[in-house]
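Student: I'd like to learn how to read a fold from the atoms up. Can we go through one together, feature by feature?

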Amino acid sequence: VQLQASGGGLVQAGGSLRLSCAASGRALSSAVMGWFRQAPEKERDFVAAINRSGSSTYHADSVLGRFTISRDNDKNTVYLQMNNLKPEDTAVYYCAAGSTFTGRPVAYNYWGQGTLVTVSS
């Protein structure tokens, strides 16, 4: 499966962005999907995950209440709605596909190329 993330950009603190991850080569409904992020010189961190049907989601404590993961299997796309953005949210955001509903990066087999989100103070 190929994943293409988009929607990143420069936004002021308190603003919003919506990231999209379009899948091709395989039905998205067959995969657990996750969003991760990596800031400069830091490890890749879990942001959010969603199960195959979209009935269950899991968000990292650092984004809980501000970010929301969702999916549209008919459009083969996963989204990350990011509200009340903070400078510490600045990172490259990656979408990933896997078979286990988890926040562990090693459980995801396929990764998109990443999209940069920059939040200015």
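Tutor: Sure. Let's start with one pair of residues: glycine 34 has alanine 96, in strand 9, as its bridge partner. Keep in mind that this is a predicted model.

Student: How many bridges join strand 4 to strand 9, and do they run parallel or antiparallel?

Tutor: There are 7 bridges between strand 4 and strand 9, and the two run antiparallel. Strand 4 also pairs with strand 5, again antiparallel, through 5 bridges. One place to look there is tryptophan 35, whose bridge partner in strand 5 is alanine 48.

Student: Is strand 4 largely enclosed or open?

Tutor: The general idea is to count residues under 20% relative accessible area, the cut-off for buried. In strand 4, 6 of the 7 residues are buried, so the rest of the structure largely encloses this strand.

Student: And what sits between strand 4 and strand 5?

Tutor: A hairpin link: 6 residues lie between the two strands, and glutamate 41 has a positive phi there, near 65°. For reading phi, check the sign and then the residue type; glutamate 41 has a positive value and is a residue other than glycine.

Student: Is glutamate 41 buried or exposed?

Tutor: Exposed, because its relative accessibility is 85% and the cut-off for that label is over 50%.

Student: Which other hairpin has a positive phi?

Tutor: Go to strand 7 and strand 8, whose hairpin has 4 residues between the strands. Asparagine 76 sits in that loop, and its phi is positive at about 55° although it is not a glycine.

Student: What does strand 8 pair with?

Tutor: Follow the bridges to each side. Strand 7 is joined to strand 8 by 6 bridges, running antiparallel, and isoleucine 69 has leucine 80 as its bridge partner in strand 8. Strand 3 also pairs with strand 8 in the antiparallel sense, over 6 bridges. Two of the pairs to find are alanine 22 with threonine 77 and leucine 17 with methionine 82. As for cover, 5 of the 6 residues of strand 8 are buried.

Student: Where does strand 3 lead from there?

Tutor: To strand 1, which pairs with strand 3 over 5 bridges, antiparallel again. Alanine 22 turns up here too, standing opposite glutamine 4.

Student: Now the inside. Which residues of the largest nonpolar core touch the most other members?

Tutor: For a core, look for buried nonpolar side chains that touch one another. The largest one here has 36 residues, and those touching the most other members are Met33, Trp35, Val47, Phe67, Leu80, Met82 and Tyr93. Several strands supply at least two core residues each, among them strand 1, strand 3, strand 4 and strand 11.

Student: What is valine 47 in contact with?

Tutor: Skip its neighbours within four places in sequence, and the list includes Trp35, Phe67, Leu80 and Tyr93. Tyr58 is on that list as well.

Student: Is tyrosine 58 buried, exposed or partly exposed?

Tutor: Partly exposed, since its relative accessible area is 40%. Tyrosine 58 lies in strand 6, residues 57–59. Leaving out residues up to four places away in sequence, it touches Phe46, Val47, Ala48, Ala49, Phe101 and Gly103.

Student: Let's try a loop residue. Where does glycine 112 lie?

Tutor: In the loop between strand 10 and strand 11. Glycine 112 counts as buried, because its relative accessibility is 9%. Beyond residues up to four places away, glycine 112 touches Leu3, Tyr94 and Cys95. To see how sequence and space can part ways, compare it with serine 6: they are 106 residues apart along the chain, and their C-alpha atoms are separated by 9.6 Å.

Student: Last one: how do I look for holes, and how many cavities does the search find?

Tutor: Rolling a probe the size of a water molecule over the atoms shows where empty space is left. Across the whole structure, the search finds 1 cavity of 30 Å³ or more, with a volume of about 30 Å³.

Student: What lines it, by class?

Tutor: The lining has 8 nonpolar residues, no polar ones and 1 charged. Val1, Leu3, Arg26 and Met33 are among the lining residues. Two of those names have come up already: Met33 in the core, and Leu3 as a contact of glycine 112.

Notes: Residues numbered from 1 in each chain as written. Predicted model: local features only at pLDDT ≥ 70, side-chain atom pairs only at ≥ 80, totals over all residues. Heavy atoms only, no water. 1 Å grid on protein atoms, 1.4 Å probe; cavity = no way out; pocket = protein on both sides within 12 Å on 5 of 7 lines; lining within 4 Å. Points joined across faces, edges and corners; volume = space filled by probe spheres on them. Nonpolar A, V, L, I, M, F, W, Y, C, P; charged D, E, K, R; others polar. Core = buried A, V, L, I, M, F, W, Y, C linked by side-chain atoms within 4.5 Å. Buried < 20%, exposed > 50% of the residue type's maximum accessible area, 1.4 Å probe, protein only. Contact = heavy atoms within 4.5 Å. Pairing = 2+ DSSP bridges.
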